[in-house]
Amino acid sequence: MPAERRRFLFAGWVLFAACSQLLLLIVPALETVAFHLVWISLSLVYGVGSWSNRRTVVVLATVTLVTGLTLGRFIAQGHLGWDELAEVPLMALVFVSMVWHVRRRAAALAETRELVARERRAQEVKELFVRNCSHEMRTPITVARCYAELVRDALPTPESKEDIEVVVDELDKLGSLAGRLLTLADAYESAGFEWGPVDLGSLLRRTVQRWRPASDRDWLLDAPAVLIEGDESRLEAALDALVENAVKFTVAGDTIALRCRATREGAVVEVEDTGIGFTPSPPHDESGRPRSSGGPGTGLGLAIVRAIVDGHGGGLTVVSGPPRGSLLRMALPARPPTPMPGTKGQS
């Protein structure tokens, strides 16, 4: 609450408390009601806008003194028993307990905000590093590849050309890695998602159509029409990463199955293969994420998928492992987690 409104509220409470005490001079029978209204209103006003320690002590001492004197006056007149005077310190203790809990909650909220801000800053630094690293890598890799091809074309013997081919292949891998780093950085920027209706069944069919000619696998497709709100291009990138992973760790004749189905919360997309599967991370690896039991890889594919799915408010799980192959499941909500300004079709 703004400081001006807090001052106005405090002034209103002071006026209310004074009127309550003055009312007792006119209608002494309202003593119990007026007494408790003063303390209850004091707690409400403090809860809306907590005060400094000095103001809290001064106000508490003033209310305790005034209500105590009022009760003492009624006791001296014979309207109340002396045991009623015990209510004053008891109400003061209740108020002090409330103040303690309010301050503990405020401290916890402040610490939570600081942790969230620190985590956000760390995430921004990480994304900036990934993006800059990707951009800085691509230019020298491209230049080096061009010179390697020039050297290869100028070499006289096939054996020498084969050696340069190894260099070109490794540079191609570095270029692909730089591209994946940039994709990963973009995947974390959920505010830049272009939200719109996505037919997951159509997306799966297009993916199989693109990948089938490039790999000798037994493709299975179960893709009914399932509509959700999402970023179609990024979901396609996530699906491509899963399919690429399945192709990488299977051989000719293995089966790759793509499925989608509607759920109560949204939809589920599954990519299953009969390859060598995943194994849990070793004990010294604190990531807790699955790792392929096949050849070495950068692990950026699943990182990209996880970032895109998280941006949609969903989750990625690995629900099977060797020797049965691997099954990766993307659970996607029917709607974006929060309203986004970049929705398709909006002006």
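Start at the seam between helix H2 and helix H3 in this predicted model. On the H2 side you'll find Glu31, Phe35, Val38, Trp39, Leu42 and Tyr46, and they meet Thr56, Val59, Leu60, Val63, Thr64, Thr67, Leu71 and Phe74 of H3. Sorted by class, the contact of H2 with H3 has 10 nonpolar, three polar and one charged residues. As for geometry, H2 covers residues 31-48 and H3 covers residues 53-76, and the two pack at an angle of about 175° with their axes 11 Å apart. That angle makes H2 roughly antiparallel to H3.

Now look at what else H3 touches. Helix H1, residues 3-26, packs with H3 at an angle of about 10°, with the axes 11 Å apart. H1 and H3 are therefore roughly parallel to each other. From H1, the residues in play are Phe10, Trp13, Gln21, Leu24 and Leu25; they meet Arg55, Val59, Val63, Val66, Thr67, Thr70, Arg73 and Phe74 in H3. Here the class count is eight nonpolar, three polar and two charged residues. Val59 is worth finding in the viewer: this H3 residue belongs to the contact with H2, and it also belongs to the contact with H1. You can say the same of Val63, Thr67 and Phe74, which are listed for H3 against H2 and again against H1.

Further along the chain comes a sheet. It is open, has five strands in the order S2-S4-S5-S9-S8, and its pairing is mixed. Strand S2 (218-222) and strand S8 (315-318) stand at the edges; each has a single partner strand, so one side of each is left without a neighbour in the sheet. On average, neighbouring strands are turned by 10° against each other, direction ignored. To get your bearings at the S2 edge, follow S2 to S4: these strands run parallel and are joined by five bridges. One handy landmark there is aspartate 218, whose bridge partner in S4 is threonine 255.

Two helices go with this sheet. H6 lies across S2, S4, strand S5 (266-273) and strand S9 (326-333), and runs at about 165° to S4. H7 packs on the sheet too, touching S2, S4, S5 and S9, and its direction makes about 20° with that of S5.

So how do those two helices sit against each other? The axes of H6 (residues 200-211) and H7 (residues 232-248) come within 10 Å and cross at roughly 45°. That makes H6 oblique to H7, and the crossing is right-handed. Leu200, Leu203, Leu204, Arg206, Thr207, Arg210 and Trp211 are the H6 residues here, meeting Glu232, Leu235, Glu236, Leu239, Asp240, Val243, Glu244 and Val247 in H7. By class that gives eight nonpolar, one polar and six charged residues.

Finally, a word on confidence. The chain averages a pLDDT of 78, and 78% of the residues score at least 70. Among the elements, strand S4 (residues 255-262) has the highest mean pLDDT, 93, while strand S7 (residues 291-292) has the lowest, 44. Over residues 280-298 the pLDDT is below 50, and beyond near neighbours in sequence this stretch has 26 contacts in the model. Residues 340-347 also have a pLDDT below 50, with 11 contacts beyond near neighbours in sequence. Where pLDDT is low, the predicted coordinates should not be read in detail.

Conventions: Residues are numbered from 1 along each chain as its sequence is written. This is a predicted model: local features need pLDDT of at least 70, side-chain atom pairs count only at pLDDT 80 or more; totals for chains, interfaces and linings use all residues. Side-chain values use heavy atoms; hydrogens and water are left out. Axes are lines fitted to C-alpha atoms, for helices over the stretch in contact, and angles run from 0 to 180 degrees between N-to-C directions. Helices (H or I, at least four residues) and strands (E, at least two) are DSSP runs, numbered from the N terminus. Angles under 35 degrees count as roughly parallel, over 145 as roughly antiparallel, 65 to 115 as roughly perpendicular and the rest as oblique. A crossing is left-handed if the near helix is turned anticlockwise from the far one by less than a right angle, and right-handed if clockwise. Contact means heavy atoms within 4.5 Å. Ala, Val, Leu, Ile, Met, Phe, Trp, Tyr, Cys and Pro count as nonpolar, Asp, Glu, Lys and Arg as charged, and the others, Gly among them, as polar. pLDDT is the predictor's confidence in each residue, from 0 to 100. Two strands pair if DSSP finds at least two bridges between them.
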